[in-house]
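These are my notebook entries on a structure that I went through contact by contact. I began with charged pairs, then turned to the metal site and the ligand.

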Amino acid sequence: DAKGRAPGSIRGFASTMRNTAARRFSTAQGLRRALDNGGLFIEVQPRFTADQRQLTGGEALVRWRREDGCLIPPDDFVPLAEETGLIQPLTEFVFDQVMPLLARLRPGQRVSMNFPPAQLARHNLTAMIAARLARQGVPGDRLGIELTESALIGGPGLLDENLRELQRLGCAVAIDDFGTGYSSLSRLRHLPIDELKIDRVFIRDAARDAAGTAFLQAIGAMANALNLRLVAEGVETVEELDQARRIGCHEVQGWLWGRPMAPEEFLSLCLDGGAQEVLA
Ligand code: C2E
Ligand code: MG
Ligand code: MG
Ligand code: MG
């Protein structure tokens, strides 16, 4: 605890380091157990065409229910999993949950998965995914791949090669949280990607003031210039939906249509095919 300690003191710093290391260690242990004992599960958040008429699929989001019942959000354990090597079994787990869903989608719908950079720069990634798709007997266009911009900090290499092969399989490749990372525009221009998912902060700001609107317009113009599909994520209000439409977003996703849900619930929405339309 930081209270009652001289700020910046060496002793304080050292004990903070120990606490942090100890906490990280126990979190990693807990996550390891969760991977073995079924403490992880996924939810799916549906995505719609901007006119809300068609459900285009959804995004798989991992969750961790700790033994004490506490629900841990992915932002609190995915980075740790990346640092401790647990990200690989975690990604396998999500694959195991997502693949059977793909066979139950309607044509034209897909479910996307989030991949940390290192997972997308693995050898044999495409072969592994192709084998999984074949086992389900589904075409590659049922699977979407989301990667964050931080994946692009390095130069082109195995990552690009894998993305190109995944596209050849039919998978749609998206840059996630677009606008919050550090990718150079020239890197982006030559990358094998199909869509940009605009981070929620830009959607929110666009509905707030003129500067925010201009910013979102610029992102839309760039996506157009690069010939990419645009997806607005984190749409919470009708005003935000309106902004997303105005800059030509093709698809939308967000709490406006409900929170991420159990896979079975998502699948029954898929059968209905459209959104509970909200006015905009
Ligand atoms: P992301 O891929 O950008 O996912 C979108 C996040 O925004 C999700 O948070 C989702 O629940 C949340 N969200 C969706 N609509 C709204 C909205 O209208 N308003 C607000 N405020 N939030 C909304 P979540 O599930 O906590 O996931 C956080 C991040 O954790 C994800 O960001 C993704 O980067 C990572 N993540 C989630 N699942 C996985 C996974 O299976 N593997 C990996 N490697 N990363 C994952
Ligand atoms: Mg995502
Ligand atoms: Mg995102
Ligand atoms: Mg995110």
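Entry 1. I looked up Glu-251 and found that it forms a salt bridge with Arg-229, with the closest N and O atoms 2.6 Å apart. Glu-251 lies in strand E9 (residues 251-253) and Arg-229 in strand E8, so this pair ties together parts that are 22 residues apart in sequence. I note that the model is a predicted one.

I then checked how accessible each partner is. Glu-251 has a relative accessible area of 3% and is therefore buried, the cut-off being under 20%. Arg-229, at 33%, is partly exposed.

I asked which residues are linked with this pair in a network of salt bridges. The network comprises Arg-47, Arg-110, Glu-195, Arg-229 and Glu-251.

Entry 2. I recorded the count of salt bridges for the model, which comes to 21. As a general point, side chains of opposite charge can pair when their charged atoms come close.

I looked up two further pairs. Glu-43 forms a salt bridge with Arg-63, and their closest N and O atoms are 2.7 Å apart. This pair links distant parts of the chain, with Glu-43 in strand E1 (residues 40-49) and Arg-63 in strand E2, 20 residues apart. Is Arg-63 buried or exposed? Arg-63 counts as buried, because its relative accessibility is 14%.

The other pair is Glu-67 and Arg-33, whose side chains meet in a salt bridge at 3.1 Å, N to O. Here too distant parts of the chain are linked: Glu-67 sits in the loop between strand E2 (55-65) and strand E3 (71-72), while Arg-33 belongs to helix H1 (residues 10-37), and the two are 34 residues apart. Glu-67 counts as exposed at 61% relative accessibility, and Arg-33 counts as partly exposed at 38%.

Entry 3. I turned to the magnesium ion (ligand 3) and asked which residues coordinate it. The donors come from Asp-176 (OD), Asp-177 (OD) and Glu-233 (OE), with Glu-233 (OE) listed twice, at 1.9 to 2.6 Å. Along the chain, the donors of this ion follow the spacing D-D-x55-E. Asp-176 is in strand E6 (residues 172-178) and Glu-233 in strand E8 (residues 229-233), so I recorded a link between distant parts of the chain, 57 residues apart.

I next asked how far apart the magnesium ion (ligand 3) and the magnesium ion (ligand 2) are. The separation is 4.0 Å, and Asp-176 coordinates both ions.

For accessibility, Asp-176 counts as buried because its value is 5%. Glu-233 also counts as buried, at 10%.

Entry 4. I finished with ligand 1. There are 22 residues around ligand 1, and those that come nearest are Asn-114, Asp-176, Asp-177, Glu-236 and Trp-255. Asp-176 and Asp-177 are thus noted both here and among the donors of the magnesium ion (ligand 3).

I listed three contacts to ligand 1. The side chain of Asp-176 has an N or O atom 2.7 Å from an oxygen atom of ligand 1. For Arg-63, the partner of Glu-43 in Entry 2, an N or O atom of the side chain is 2.9 Å from an oxygen atom of ligand 1. Gln-45 has a polar side-chain atom 3.0 Å from a nitrogen atom of ligand 1.

Lastly, I asked how much of ligand 1 the protein covers. On its own, ligand 1 has 800 Å² of accessible area, and the protein covers 84% of that area.

How values were computed
Residues numbered from 1 in each chain as written. Chains lettered and ligands numbered in written order. Predicted model: local features only at pLDDT ≥ 70, side-chain atom pairs only at ≥ 80, totals over all residues. Heavy atoms only, no water. Donors = N, O, S within 2.8 Å, 3.2 Å for Na, K, Ca; no water. Helix = DSSP H or I, 4+ residues; strand = E, 2+ residues; numbered from the N terminus. Buried < 20%, exposed > 50% of the residue type's maximum accessible area, 1.4 Å probe, protein only. Salt bridge = Lys/Arg side-chain N within 4 Å of Asp/Glu carboxyl O. Near = heavy atom within 4 Å. Polar contact = N/O pair within 3.5 Å; in protein donor to acceptor, adjacent residues only side chain to side chain. Areas by Shrake-Rupley, 256 points an atom, 1.4 Å probe, with all protein chains shown as cover.
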